[in-house]
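User: I am a first-year student, and I would like a close look at one part of this protein, its largest nonpolar core. Which residues make up that core, and what surrounds it?

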Amino acid sequence: LSVASLEDPVVMSKIRQNLREKHARHIADLRAYYDSEIQSLKQQLESSHKTAASEELKKINQSLADRCDQLDSALNEASAHIKALENKNNQLEKQVADWRERFYAISDNSKALQERLEEMRASHKEKDNTISRLQSRLRELEEAFEKAYRLSDNKNTRLQEENKMFQNLLGEYESLGKEHERVKDTLNTTENKLLDANTEISDLKRTILKLEAQLKQVEHENALKLRH
């Protein structure tokens with residue numbers, strides 16, 4: 001069985017149904033066989049009681065009675081072992097289902113983190129472009145300021161206004177720079193979370209494969225015991 005087939009509840013239901021039907025048929029066959037053997041031995045025992053009473057026949061009767069007990073004990077032991085294998089099989093199926101649910105939850109979380117990371121990258125790129133435009137604008141204002149300063153020392157009012165505009169733009173640039181650093185830190189944190197989620201997904205995949213191998217081993221042991 002593969003992980004893809006185990007994800008299909010219909011396939012898992014059919015597998016469990018087939019196993020239960022197969023176990024039931026084997027147990028019924030075993031009981032019918034041992035019941036037939038016991039009945040035959042009992043008939044031989046009753047026949048021996050009716051035909052003779054010698055010591056040799058008594059020994060044969062005792063041997064037949066011991067054989068009946070052995071067959072009955074073997075039947076009970078086989079039934080108990082088959083029941084234990086069925087319980088172990090059910091337990092492994094529950095573990096596989098639990099791990100599969102956890103795998104789905106982590107996969108969904110990983111997808112959400114990936115989408116959030118892409119959004120933050122797009123926002124980071126947009127803010128980088130804005131900072132580039134502001135830097136270009138800042139250089140233009142610096143050139144205009146220097147040019148105006150060289151042209152006239154008497155234009156104090158204009159220079160003050162341009163200086164005020166320059167200071168405002170510089171403040172906006174510094175604010176965007178801080179925001180840019182915060183976005184970079186958030187982006188790094190999100191990338192680390194995504195890496196941790198991918199690592200946990202890999203661990204879950206390996207665990208599911210190990211559980212599938214154990215399930216196959218139990219089914220193989222069950223088939224061997226049933227054939228025995």
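Analyst:

**The largest nonpolar core**

In this predicted model, the largest nonpolar core consists of 11 residues in all, namely L30, Y34, I38, L41, L64, C68, L71, L75, A78, I82 and L226. Two elements each give two or more residues to this core, and they are helix α2, which covers residues 9-51, and helix α3, which covers residues 55-151. Of the elements involved, α3 gives the most, with 6 residues.

One member that repays a careful look is L75, which has its place in helix α3. L75 has a relative accessibility of 4%, and because buried means under 20% relative accessible area, L75 counts as buried. If its neighbours within four places in sequence are left aside, L75 is in contact with L30, R31 and Y34, and of these residues, L30 and Y34 are themselves listed as members of the core. The sequence alone would not show how L75 is placed relative to Y33, since the two are 42 residues apart in sequence, while their C-alpha atoms are 9.6 Å apart in space.

Another member, L226, touches H23, H26 and I82, when residues up to four places away in sequence are not counted. Of these residues, I82 also belongs to the core.

Besides this core there is a second, separate one of 6 residues, and among them are L92, L211, L215 and V218.

**Further along helix α3**

Helix α3 also holds S110, which is buried, with a relative accessible area of 10%. Leaving aside neighbours within four places in sequence, S110 is in contact with L194, A197, N198 and I201. With N198 there is also a polar contact, made from side chain to side chain at 3.4 Å.

The aromatic residues can be examined in a similar way, and the count of aromatic pairs in the model comes to 2. For F103 and Y104, the ring centres are 6.1 Å apart and the planes stand at 50°, so this pair is tilted. The two partners can also be described by their accessibility: F103, at 13%, counts as buried, whereas Y104, at 35%, counts as partly exposed.

**The setting of the core**

To place these details in the whole protein, it helps to know that the secondary structure comes to 4 helices and 0 strands, which, read along the sequence, gives the pattern α-α-α-α. The protein has 228 residues, and buried residues make up 26% of them. Its exposed surface comes to about 16100 Å², of which carbon and sulfur atoms supply 49%. Among the contacts with a sequence separation of 6 or more, 86% are between residues 24 or more positions apart, and the pairing of S110 with N198 described above is one example of a contact that joins separate stretches of the sequence.

Finally, a careful reader should keep the confidence of the prediction in view. The mean pLDDT of the protein is 79, and 88% of its residues reach 70 or more. Among the elements, helix α1, residues 3-6, has the lowest mean pLDDT, at 51, whereas helix α4, residues 156-227, has the highest, at 82.

Terms used
Residues are numbered from 1 along each chain as its sequence is written. This is a predicted model: local features need pLDDT of at least 70, side-chain atom pairs count only at pLDDT 80 or more; totals for chains, interfaces and linings use all residues. Side-chain values use heavy atoms; hydrogens and water are left out. A nonpolar core is a set of buried Ala, Val, Leu, Ile, Met, Phe, Trp, Tyr and Cys residues joined through side-chain atoms within 4.5 Å. Buried means under 20% relative accessible area, exposed over 50%, partly exposed in between (1.4 Å probe, protein chains only). Contact means heavy atoms within 4.5 Å. Accessible areas come from the Shrake-Rupley method with a 1.4 Å probe; for residues, only the protein chains shown count as cover. pLDDT is the predictor's confidence in each residue, from 0 to 100. Rings of Phe, Tyr and Trp (its six-membered ring) pair if their centres lie within 6.5 Å; planes under 30 degrees apart count as stacked, over 60 as edge-to-face and the rest as tilted. A polar contact is a pair of N or O atoms within 3.5 Å; within protein, one must be able to donate a hydrogen and the other to accept it, and residues adjacent in sequence count only if both atoms are side-chain atoms.
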